[in-house]
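Trainee: I would like to take a close look at a single part of this structure, its nonpolar core. Please explain which residues make up the largest nonpolar core, and where they come from.

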Amino acid sequence: MTTATKKIKTLKGVVASSKMKDTIVVVVKRYVKHPKYGKFVQTRKRYKVHDAGNTAKVGDTVTIKETRPISKDKYFTLAN
């Protein structure tokens, strides 16, 4: 039997909020080509990230990595 190995997703973004306990909100921006018109548009997504000890501050650029679900909305942790 072979075990399936999943590639861990890593993203880079900017901390938008650090008001919650052990949780930060990271905004990840990326350019995506519009399927019909072909124009490149900037999309952004906000991820809730586990930050034990609240080390990251608002405005910091951080790298996050995918992990097991920590809560209903959190499935990323700080990588750096």
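Mentor: A nonpolar core is a set of buried Ala, Val, Leu, Ile, Met, Phe, Trp, Tyr and Cys residues joined through side-chain atoms within 4.5 Å. Please keep in mind that this model is predicted. The largest such core holds 11 residues: V15, I24, V26, V28, Y47, V49, A56, V62, I64, F76 and L78. At least two of these residues are supplied by each of strand 2, strand 3, strand 4 (61–66) and strand 5 (76–78). Strand 2 gives the largest share, 3 residues.

Let us consider I64, one of the core residues. Leaving aside residues up to four places away in sequence, I64 touches K9, T10, L11, V26, Y47, V49, F76, T77, L78 and A79. Among these contacts, V26, Y47, V49, F76 and L78 are also members of the core.

We may now turn to how the strands are arranged. Strand 2 (residues 23–33) pairs with strand 1 (residues 10–20) in the antiparallel sense, over 4 bridges. Within this pair, V25 of strand 2 stands opposite S17. The two strands form a hairpin with 2 residues between them, and D22 in the turn has a positive phi of about 60 degrees.

Strand 2 also pairs with strand 3 (residues 40–50), again in the antiparallel sense, over 11 bridges. Here V32 has V41 in strand 3 as its bridge partner. The hairpin of strand 2 and strand 3 has 6 residues between the strands, and G38 takes a positive phi near 80 degrees.

Key: Residues numbered from 1 in each chain as written. Predicted model: local features only at pLDDT ≥ 70, side-chain atom pairs only at ≥ 80, totals over all residues. Heavy atoms only, no water. Pairing = 2+ DSSP bridges. Buried < 20%, exposed > 50% of the residue type's maximum accessible area, 1.4 Å probe, protein only. Contact = heavy atoms within 4.5 Å.
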